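Here are my notes on the model, in numbered points. Have the structure open while you read, and start with me at the DNA.

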2 protein chains.
Amino acid sequence: MTESYYPDVRALHLFSEMADEHFEALMRVSYVQTFPPQIEMITEGDSSDFLHIVLSGAVEQFCTWNGRETIMSTIRPISTFILAATIKDAPYLMSARTLEKSRIALIPSQDVRAVFDADGQFARAIVTELAQCYRSVVKAQKDIKLRTSLERLANYLLRQQRYSGGGQGFDLPIEKRRLALLLGMTPENLSRAFKALQAYGVTVDGAGVHIRDREDLERFAKPSALIDDYSS
Amino acid sequence: MTESYYPDVRALHLFSEMADEHFEALMRVSYVQTFPPQIEMITEGDSSDFLHIVLSGAVEQFCTWNGRETIMSTIRPISTFILAATIKDAPYLMSARTLEKSRIALIPSQDVRAVFDADGQFARAIVTELAQCYRSVVKAQKDIKLRTSLERLANYLLRQQRYSGGGQGFDLPIEKRRLALLLGMTPENLSRAFKALQAYGVTVDGAGVHIRDREDLERFAKPSALIDDYSS
DNA sequence: AAGATCACTTGATATTTATCAAGCCGGCAG
DNA sequence: CTGCCGGCTTGATAAATATCAAGTGATCTT
């Protein structure tokens with residue numbers, strides 16, 4: 001197995017500041033696996049033996065209960081996931097499946113915990129990352145408890161537009177039926193919600209979205225830094 | 001100001017393992033303040049200058065957007081809050097108000113961060129605490145995205161029953177109008193939901209709740225360790 | 001003790017969201 | 001090329017949830 005992914009992992013804020021020897025130690029015990037699309041890599045309730053890093057492809061975290069399913073987040077390269085379960089040595093709260101063919105690096109959880117104790121910089125980075133994850137879920141919680149589905153979609157589109165460079169037109173990064181579950185609604189209602197947003201200058205053609213006048217949409221969506229700004 | 005609260009704070013998992021000198025250093029720069037009921041101590045968006053610890057009384061975290069309000073959690077002694085904002089040195093995502101007259105200890109955020117770098121045990125404890133907080137929000141998110149309001153109430157009652165000793169009767173720890181917002185519904189619908197749960201042996205008189213047959217209610221509520229077990 | 005206030009409840013109604021059942025359409029396999 | 005399949009859409013309907021408007025009962029205040 002090639003070591004070509006080391007620099008990419010090293011560049012992650014989680015690993016960028018730690019001592020070389022500790023980074024090397026982690027990389028030596030980790031390995032890379034390639035998964036085909038639509039494979040459930042992690043099932044909620046299982047014990048967390050590895051910290052996962054998405055090197056290429058895409059992974060989604062989802063949860064099920066009583067026959068229902070919802071999507072919690074989509075993870076794209078290069079990022080880690082299930083850090084909290086790894087740290088706490090507790091069962092996964094979310095399942096994960098590949099959306100596309102994906103390369104995943106796996107670092108044994110016990111080694112992550114060991115290096116945490118030995119490397120202060122790494123410990124600092126883990127805490128920052130965890131705090132970031134925590135704040136992201138709090139924002140998601142505010143989004144769903146304070147907004148209607150139409151408002152959630154409008155704000156999602158505004159975030160996505162910004163993320164994709166700020167131009168009027170951009171492509172949805174995931175299928176609509178998945179976006180619906182991510183936003184806490186059904187695919188049918190997502191369809192209707194897109195139509196309802198035409199009144200605010202939003203047009204859709206397949207995965208392509210066009211926002212005629214951002215300010216017009218913002219007047220309806222009322223985006224807030226404390227919900228929609230994923231960088232803080 | 002008395003130092004009588006030191007042992008209580010020291011007993012928190014967050015502070016129990018750290019070196020004496022570091023604990024003393026934190027306590028020296030911290031102070032205690034007593035707030036009357038219904039005081040907004042923290043407003044979302046403000047910068048996070050202190051880590052807060054509820055010594056007595058009760059505090060609730062809530063969020064607002066576009067004229068709407070929701071409650072995120074209730075914090076009772078002895079526990080910390082807004083740890084993530086303190087660590088990241090980022091704005092608060094949630095506001096906080098006292099429910100009763102409360103004594104709050106305040107530790108300057110910069111000192112928390114400094115001791116974090118100096119004390120590995122403390123760093124470890126912070127990470128564990130943060131991971132716990134993260135997992136709690138994920139569970140809350142699953143609760144609200146996968147369940148109807150009636151199911152959320154049923155599971156809340158089962159959790160509360162267990163928490164209060166497991167007997168058939170127990171008292172709601174917060175007002176019903178607050179419970180409604182915590183569960184993501186209106187007070188009116190909470191009232192109706194209680195009535196609907198009569199069909200499963202739940203009776204309510206004021207703050208008192210009686211569950212005739214736990215198993216009967218569980219058949220409807222379908223509690224899951226991955227949503228309702230707050231200890232893992 | 002009388003009046004005011006507030007949490008809670010109830011009923012009627014409106015809105016939001018989900019479900020069910022087709023139908024459309026583009027990609028893909030045979 | 002043709003037919004099938006899956007994602008998407010649409011319409012009709014049902015269920016869940018919110019809103020509005022009273023009304024009740026307890027507590028607090030004066």
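1. Let's begin with the make-up of the surface near DNA strand C: one nonpolar, six polar and eight charged residues. For the classes, Ala, Val, Leu, Ile, Met, Phe, Trp, Tyr, Cys and Pro count as nonpolar, Asp, Glu, Lys and Arg as charged, and the others, Gly among them, as polar. "Near" means that a residue has a heavy atom within 4 Å of the strand.

2. Some housekeeping before you go further. This is a predicted model, where local features need pLDDT of at least 70 and side-chain atom pairs count only at pLDDT 80 or more, while totals for chains, interfaces and linings use all residues. Residues are numbered from 1 along each chain as its sequence is written, chains are lettered from A and ligands numbered from 1 in the order in which they are written, and side-chain values use heavy atoms, with hydrogens and water left out.

3. Who sits closest to strand C? Of the 15 residues around DNA strand C, the nearest are Ser149(A), Arg192(A), Lys176(B), Arg177(B) and Ser191(B). Of the strand's atoms within 4 Å of the protein, 67% belong to sugar and phosphate. H9 of chain A, plus helix H8 (176-182) and H9 of chain B, each supply at least two residues of this surface, and H9(B) gives the most, with four residues. Helices here are DSSP runs (H or I, at least four residues) and strands likewise (E, at least two), numbered from the N terminus.

4. Now the polar contacts with strand C (pairs of N or O atoms within 3.5 Å; within protein, one must be able to donate a hydrogen and the other to accept it, and residues adjacent in sequence count only if both atoms are side-chain atoms). The side chain of Ser191(B) has an N or O atom 2.6 Å from a phosphate oxygen. Thr186(A) uses a backbone N or O atom, 3.3 Å from a phosphate oxygen. Arg192(A) goes for a base instead, with a polar side-chain atom 2.7 Å from a base oxygen of strand C.

5. Flip over to DNA strand D. It is surrounded by 15 residues, the closest being Lys176(A), Arg177(A), Ser191(A), Ser149(B) and Arg192(B). The surface near strand D has one nonpolar, six polar and eight charged residues. Sugar or phosphate makes up 66% of the strand's atoms within 4 Å of the protein, and bases the rest.

6. What does Arg192(A) touch on strand D? An N or O atom of its side chain is 3.0 Å from a base nitrogen. On the phosphate side, Lys176(A) brings a side-chain N or O atom to 2.8 Å from a phosphate oxygen of strand D, and a backbone N or O atom of Arg177(A) lies 3.0 Å from one. The largest share of this surface, four residues, comes from H9(A).

7. Last, the domains of chain A. An automatic or database assignment splits the chain into domain 1 (6-144) and domain 2 (147-228), with 27 Å between their centres, taken over C-alpha atoms. Contact (heavy atoms within 4.5 Å) joins 15 residues of domain 1 to eleven of domain 2. There are two salt bridges between them (side-chain nitrogen of Lys or Arg within 4 Å of a carboxyl oxygen of Asp or Glu). Have a look at the salt bridge between Glu60(A) and Arg178(A), 2.7 Å from N to O.
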